Amino acid sequence: MKKVPVGVSARHIHLSVDHIAALFGAGYELKVLKDLSQPGQFAAEETVAVIGPKGKFDKVRILGPARGKTQLEVSSTDAFSLGVNPPVRESGNIAGTPGIKLVGPAGEVEIEEGVIVAARHIHFHTEDAARWGIQDKQKLTVRVGGERAVIFEEVVARVSDQYALDMHIDTDEANAAGVKNGDEAEILS
């Protein structure tokens with residue numbers, strides 16, 4: 001059986017170095033609140049407000065370290081509340097996506113693109129992927145059990161020697177399936 005731990009990904013934002021400076025001040029460094037499941041990744045102490053055409057969220061957690069481009073990841077429910085219509089995309093694929101206004105303690109930024117609903121995915125270390133015969137970008141079918149058992153299709157395999165084994169779904173998906181952080185999922189195919 002191919003079992004993987006599940007991580008539920010709440011709304012969050014990845015900021016570029018330039019946007020960190022614009023929102024928090026020149027030379028500002030994010031402070032680590034807690035480490036995440038992926039090596040070198042962390043939830044920062046800092047948050048920003050995100051403002052859409054219809055609504056806003058005041059305290060959206062920043063995940064670090066800084067990225068090349070700013071990206072806001074929300075659930076479909078969050079997107080509706082904000083009044084934006086982002087596509088389901090893999091992280092980093094933000095071309096042609098909606099923008100949004102960001103407000104920090106030292107300033108604000110209007111990004112022209114960068115809002116996505118993250119595609120459900122599993123991070124595989126290259127050794128785990130090799131052991132299970134899984135290729136990068138392969139689409140998988142995964143089952144989570146429990147009282148509201150569900151089968152997720154089109155789960156993207158992301159393979160790198162920089163990753164640790166972990167499946168990521170958003171809060172809408174987790175709530176529908178009754179899944180919480182640390183539950184296990186089984187790869188069916």
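A residue counts as buried when its relative accessible area is under 20%. The views below show a predicted model.

**View 1. Burial in the whole chain.** Of the 189 residues, 43% are buried by that cut-off. The chain exposes an accessible surface of about 9,500 Å². Carbon and sulfur atoms hold 48% of that surface.

**View 2. Overall dimensions and elements.** Four helices and 15 strands make up the secondary structure listed for the chain. The C-alpha trace spans about 50 × 35 × 30 Å along its principal axes. The radius of gyration is 17 Å, which agrees with a compact globule, because a chain of 189 residues would then have a value near 16 Å.

**View 3. Contacts across the sequence.** Here the contacts with a separation of 6 or more are considered. Residues 24 or more positions apart supply 65% of them.

**View 4. Placement of charges.** The chain carries 21 positive and 27 negative charges. The mean position of the positive charges and that of the negative charges are 3 Å apart.

**View 5. The hairpin of β3 and β4.** Strand β3 covers residues 32–35, and strand β4 covers residues 42–51. The two strands pair in the antiparallel sense, over three bridges. Lys34 has Ala43 of β4 as its bridge partner. In a regular strand, side chains alternate between the two faces of the sheet.

**View 6. The turn between β3 and β4.** Six residues lie between the two strands of this hairpin. Gly40 sits in the turn. Its phi is positive, at about 85 degrees.

Notes:
Residues are numbered from 1 along each chain as its sequence is written. This is a predicted model: local features need pLDDT of at least 70, side-chain atom pairs count only at pLDDT 80 or more; totals for chains, interfaces and linings use all residues. Side-chain values use heavy atoms; hydrogens and water are left out. The radius of gyration is taken over C-alpha atoms; the globule rule is 2.2 Å times the number of residues to the power 0.38. Buried means under 20% relative accessible area, exposed over 50%, partly exposed in between (1.4 Å probe, protein chains only). Contact means heavy atoms within 4.5 Å. Accessible areas come from the Shrake-Rupley method with a 1.4 Å probe; for residues, only the protein chains shown count as cover. Lys and Arg count as positive and Asp and Glu as negative; His and the chain ends are not counted. The place of a charge is taken as NZ of Lys, CZ of Arg, CG of Asp or CD of Glu. Two strands pair if DSSP finds at least two bridges between them.
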